[in-house]
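Me: Could you zoom in on a single part of this one for me and tell me what sits around it? Once that part is clear, link it up with the rest.

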Amino acid sequence: MTNQRVHGSTAPAAPTIAIIGGGIGGLALAQGLHRQGVTVEVYERDRTPVCRAQGYRVHVNPYGAAALHELLPPHLWKTFLETTGTGAQGFEMLTERMKTLVTVDVAPENDPTQAHHSVSRITLRQVLLNGLDDNVHFGKTFTRYEKRSDGRFVSHFSDGTTALADVIVGADGTNSRVRAQYLPHAQRLDTGIRAIAGKYLLTPESRSRVDARLHRTSAVVLPPAGCGMFVAPHIYDDDSELRVDGIGSTDRDGSTYDNTSSYLLWAFAAVGDRFPADTDLAGLDGPALQDLLVGMIERWHPDLRTLVTEADPDTVTVLPIRMSEPIPRWTPSKVTLLGDAIHAMTPMRGIGANTALRDARVLCRQLASAHRGDAEIITAIDNYEAEMTEYGFDAVRSSQRSATKFVGENRFARAAFKTFLRTVQSCPPLKRKVFAKLGL
C-alpha cells in the first residue's frame, strides 16, 4: 500500500490538517490555512477539477463575502470580485400570473466584503483552487480513517493509498463518509420536496421574450398552494469571457460547464405527491422534465412558461431536497466537520454555501491559533464546534421553515400570506419594519 504525503512517526509541534472534500467550504478552509502557514492537504474524489458539472450560480451574501476576503490572499480576492456576474440587489414576490405582491430593494453596498455577489460555481472553484496545486489531490475517494497510538489519524482511500495527519476535517458534503464514521447518529432527512431547475440563457433576442423585471431582480413566485418557483439573474455586463489568470474562462465544452454566459436560473419546487403519479423524476432527462413541468404550470404567466420551455435541456435537472437533523453537541476530538457534511439545509434561503464559508472562516481562525501555539488543538476545535453548531443548525431550521412556506399546501394560509404581503407593499413604514427584521 502506497502513502500519499505520509509524514514520519514523530508528531510535529504544529498540527497538520487533512481536509476530506474539495468543495467550496473545504477549499476555502485550505486557502485560509495555507495563507497562515499551516500544513494542509485536500483529498478530493473528482478525478480532475473539470470532470463534473458544478451546478448553478452561487449567491454569496455578506457572511460569505467577509469569509472569502479573510481566507483568500489579496490577489485572489481581487480576482473573485473581477469575475462575478451581476446578480439581483433585492427581490420581488409575484403571483403565478406575474402580479406583484411585494418588492424589496436593497441599496448597493460600497464595501464588497459586506455586499451580495453572484458567481458561477465553476469560477468560484477556479478561484479557490488557485495556488493550491501542491496541496489538492484529485482521484482520492475517502473510505475510512483510523486513529494511531500516537493520536494521529490515517485516512484510507479507495485506490489503496493512505494519508497521515493530526486533524481530519470532513468537508465531503451531504453524503459525508467522515460523518458516517464519526457521528453515525447524525442523519439526513428527506423533506419530501423535489425541485426541477434549469438555465434560461440570455441573449439580446431571448431577453425580449421575458418580462424585464426578471433580468433586474430575483423573484419568488407563489401560486395558490403546493409549489413555488424561484428565478434569479446571473448576468455579465458585456457577455464577454472574463479571464483573470485563466480564472473565469470555460475549461470544458458543454452548457453545463459554461461559466461565461449570462442566464436566468429558475427552480420549481413542490412536494413529491404534487408531481404526476408513478413518475420517476430521477429517471427523466432534461426534455422530459421540461415537458412534465410545462404541464404543471400551464395556467401560469406565459413568460414563466417560456423560462422552462426555452431553457437549455442539458441544464435541466431534478434535485431531491434533503436536510440534516440537528443533533446535540458531541465531545470534541481531532476529527471535525464542515458545511453540508454536518448541517445540510434546503436551498430555499440560499445560505448553504455561505454557511460553509462561515465555517471555513471560524475553523481557520481556531486552527491557526493552535498552529501558533496559542491554544490546544482540542480547545480550538471545541471553540469552532460551539459556534458552528449554533449558527449552522439555526440555518438548517430557518431553511426548513422557508421550504415549508415555499411549497405550503394550505391554500388558506397561502392566501393569508399573500394578503399580508400586499398590505406590506402598500404601507412603506410597515414594509421597512418587516424587512428590517430580516436584515434587508
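Reply: One term before we start: a residue is called buried if its relative accessible area is under 20%, and exposed if that area is over 50%. With that in hand, let's look at helix H9, residues 302–309, in what is a predicted model. Its buried residues are Asp-303, Leu-304, Thr-306, Leu-307 and Val-308.

What do those residues pack against? The list takes in strands and helices: strand E12 (188–201), E13, E14 and E15 on the strand side, plus helix H7 (213–216) and helix H8 (286–296). So the next stop is the sheet those strands belong to, because E13, E14, E15 and E12 all turn up among the partners of H9's buried residues.

That sheet is open and has seven strands, in the order E5-E4-E13-E14-E15-E12-E16, with mixed pairing. At its edges are strand E5 (100–105) and strand E16 (317–324), and each of these pairs on one side only. Ignoring direction, neighbouring strands are turned by 20° against each other on average.

Take E14 (residues 227–234) as your anchor in the sheet. Seven of its eight residues are buried, so this strand is mostly covered, going by the under-20% cut-off. On one flank, E14 pairs with strand E13 (residues 218–221) in the antiparallel sense, over three bridges. If you want a spot to click on, Val-221 has Met-229 in E14 as its bridge partner. E13 and E14 form a hairpin with five residues between the strands, and Gly-226 there has a positive phi near 85°.

E14 also pairs with strand E15 (residues 263–271), again antiparallel, this time over eight bridges. Here Val-231 is bridged to Trp-266 in E15.

If you follow the chain on from E15, you reach the loop between E15 and H8, and Asp-278 is in it. Asp-278 is not a glycine, yet its phi is positive, near 60°. As background, most residues other than glycine have a negative phi. Is Asp-278 buried or exposed? Its relative accessible area is 84%, which is over 50%, so Asp-278 counts as exposed.

There is a second case at the E5 end of the sheet. Strand E4 (residues 90–94) and E5 pair in the antiparallel sense over five bridges, and one of the bridge pairs is Gly-90 with Asp-105 in E5. The two strands make a hairpin with five residues between them. Met-98 lies in the loop between E4 and E5, and although it is not a glycine, its phi is positive, at about 70°. Compare the surroundings, though: Met-98 counts as buried, at 4% relative accessibility, whereas Asp-278 is exposed.

Now for the helices elsewhere in the chain. Ile-24 is a handy entry point: it lies in helix H1 and is buried, with a relative accessible area of 18%. Beyond its neighbours within four places in sequence, Ile-24 is in contact with Val-58, Arg-121, Leu-124, Leu-128, Ala-353 and Leu-357. To place Ile-24 against another point in the model, its C-alpha atom is 26 Å from that of Ala-311, 287 residues away along the chain.

Both Ala-353 and Leu-357 belong to helix H11, where they are among the residues that meet H1. The axes of H1 (residues 24–35) and H11 (residues 352–371) come within 8 Å and cross at roughly 30°. That angle is why the two helices are described as roughly parallel. The crossing is right-handed. Besides Ile-24, the H1 side includes Gly-25, Ala-28 and Gly-32, while the H11 side includes Ala-360, Leu-363 and Cys-364.

H11 has another packing partner, helix H2 (residues 62–71), with axes 8 Å apart and an angle of about 40°. H2 and H11 are therefore oblique to each other, and their crossing is left-handed. Among the residues making that contact are Tyr-63, Ala-67 and Leu-71 of H2, along with Asn-354, Leu-357 and Arg-361 of H11.

Lastly, how far can you trust the picture? The chain has a mean pLDDT of 89, and 90% of its residues reach 70 or more. Residues 1–12 are a weak stretch, with pLDDT staying under 50. Where pLDDT is low, the predicted coordinates should not be read in detail.

Notes
Residues numbered from 1 in each chain as written. Predicted model: local features only at pLDDT ≥ 70, side-chain atom pairs only at ≥ 80, totals over all residues. Heavy atoms only, no water. Buried < 20%, exposed > 50% of the residue type's maximum accessible area, 1.4 Å probe, protein only. Helix = DSSP H or I, 4+ residues; strand = E, 2+ residues; numbered from the N terminus. Pairing = 2+ DSSP bridges. pLDDT = per-residue confidence, 0-100. Contact = heavy atoms within 4.5 Å. Axes fitted to C-alpha atoms, helices over the stretch in contact; angles between N-to-C directions. Parallel < 35°, antiparallel > 145°, perpendicular 65-115°, else oblique. Left-handed = near helix turned anticlockwise from the far one by under 90°.
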